[in-house]
There are 2 protein chains.
Amino acid sequence: MQRTVYFVSDQTGVTAETLGHSLLTQFDGQEFRLVTVPFIDSVDKARATVERINMAAEREGVRPIVFSTLVQDELRTVVRQANALFLDFFDAFLGPLELELQMQSTHTLGRAHGVTDTASYMRRIEATNFAMAHDDGGTARSYEMADVILIGVSRSGKTPTCLYMALQYGVYAANYPLTEDELETATLPPAIRSYRDKLYGLTISPERLQQIRRERRPHGRYASPQQVRFELRAAETLYRRQSIPFINTTDKSIEEIAAAILNETGVERRVR
Amino acid sequence: MQRTVYFVSDQTGVTAETLGHSLLTQFDGQEFRLVTVPFIDSVDKARATVERINMAAEREGVRPIVFSTLVQDELRTVVRQANALFLDFFDAFLGPLELELQMQSTHTLGRAHGVTDTASYMRRIEATNFAMAHDDGGTARSYEMADVILIGVSRSGKTPTCLYMALQYGVYAANYPLTEDELETATLPPAIRSYRDKLYGLTISPERLQQIRRERRPHGRYASPQQVRFELRAAETLYRRQSIPFINTTDKSIEEIAAAILNETGVERRVR
């Protein structure tokens, strides 16, 4: 039996999705149909949402689950009346926080994912530009500005990790590919040799790397078991010999890789 | 008086940060020092975290606030004893969900930002590669695969929005810059003309665009008031004439721009 889950928000819905997703992953074997309903910022839109939820309840014979991050009392009161399990994020936590801080919360339109701060918006954009310019060895090579430089063989996860760190944390992350030639010499490439303290290595299981490379180029040496194994073994040897910290990205999400790198290097987030 | 806030997680801390941040933005005028404590997956680490929290409480003369997404009861029990306001996301919502679903939750290590699904990891990576290859007019130009093609003048927010949509939602987003030459003709550039249904325009206030461009190139025509105004007026005229939906990105965060585009175009997330 499928359950429909609504993420209802007066803004982007990112917070409601994050909350709901965390909770739903704790229930195995139940199928969920996920629907995000963002920008519910008027009573009319709130009423339309209630109708939508009620129709789903009737159609499916079971009431939906609603994760709400609506802040305005007026809108919550409307959506709460839907035929659903209504889980209200602000209801649960604003009360205890108000008591603790001895302050009234502003109860203003969700601002979690808005531009509260132009400076931090600019930092994310600049960090993203930096990651783009310093991707895959890049052309710019102003590594002095880098907070961290990821190294690893082709398709080990460098690019998405750098971009995620830039967008999420405003961190300046460059990446440099370890090519076959460089791996054969077992020394650090000249371009990054003087930035040893910023280097962080990525590795991955041979099976997984083969699978990823095959999606890109099914034939030839690039995705062959021998080649993949040689490159990974050489990269790991290099990390160990040069005392470069490294992480195995197999079975890790982009979020996990990024969080682990920040945690281990102590690189500070530039944006919260 | 500053308050220290801890985001404590057995995994990346992304969920705790997102939820805590949403709540804290509702309290104006209170300063918070934010500390993420990820990967707390053993009783020893939980105890060390308690010590850390208690020391902050003593040092600052006011107890910290702890947002916890710890799932394992054993670890929560430990951290709950800290001298802090302990706000527990799972405690608040798992109970009602278990009742509603008539299921026990698995209470397993937080999996919200883990790789629950290799296919969805691959989709995010592929979408990111697509965004990189189709950035700024790109070389690849396989626009048939694009879910959406963002157009706009230089620095209107195309690149970070595309990358965010790829990483967060697995959406295939390309972007195409409207250059001066193309703006002067007031027609759609040939490269994107046959993909009209996928086009989505970005615009921005002249003041903001000037500010952003000045950071990049302080002198010359690129950031001049006349140039910026001409380009934006021409782009908006083009959008209206060609019936291309568009959004003003001034004072919007990347999350807001992305969510609004998905909401208005109906483009489906490929990843949840």
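**Exercise 1.** How many Å separate the centres of domain 1 of chain A and domain 2 of chain A, taken over C-alpha atoms?

*Solution.* Start with what we've got: this is a predicted model, where local features need pLDDT of at least 70, side-chain atom pairs count only at pLDDT 80 or more, and totals for chains, interfaces and linings use all residues. Residues are numbered from 1 along each chain as its sequence is written, with chains lettered from A and ligands numbered from 1 in the order in which they are written. Next, the bounds: domain 1 of chain A runs 3-101 and domain 2 runs 118-265, as given by an automatic or database domain assignment. Finally, the centres lie 39 Å apart.

**Exercise 2.** Work out which symmetry relates chain A to chain B.

*Solution.* Step one: superpose by least squares on the C-alpha atoms of residues with pLDDT of at least 70 in both copies. Step two: read off the operation, a rotation of 180° with 0.0 Å of shift along its axis, RMSD 0.1 Å. Step three: that's the relation of a two-fold axis. The same surface serves both copies, as 100% of the contact residues of chain A recur in chain B.

**Exercise 3.** Describe the contact between the chains.

*Solution.* Count residues in contact (C-beta atoms, placed from the backbone, within 7 Å). You get 59 residues from chain A and 61 residues from chain B. Elements giving two or more residues on the chain A side include α1 (14-24), α4 (89-101) and α11 (254-265); helices here are DSSP runs of H or I with at least four residues, strands runs of E with at least two, numbered from the N terminus.

**Exercise 4.** Is α11 of chain B enclosed or open, and where does Ala258(B) fit in?

*Solution.* First, the geometry: α11(B), residues 254-265, has 12 residues and reaches 17 Å from its first C-alpha to its last, close to the 16 Å expected at 1.5 Å a residue (1.5 Å times one less than the number of residues). Then check burial: a residue is buried with 20 or more other C-beta atoms within 10 Å of its own, exposed with 12 or fewer, and partly exposed in between. Here 9 of the 12 residues are buried, so α11(B) is largely enclosed by the rest of the structure. Ala258(B), in this helix, is buried with 27 other C-beta atoms within 10 Å. Skip its neighbours within four places in sequence, and Ala258(B) is in contact with Thr161(B), Tyr164(B), Met165(B) and Gln168(B). After the helix comes Gly266(B), whose phi is positive, near 75°.

Definitions and conventions:
Contact = placed C-beta atoms within 7 Å.
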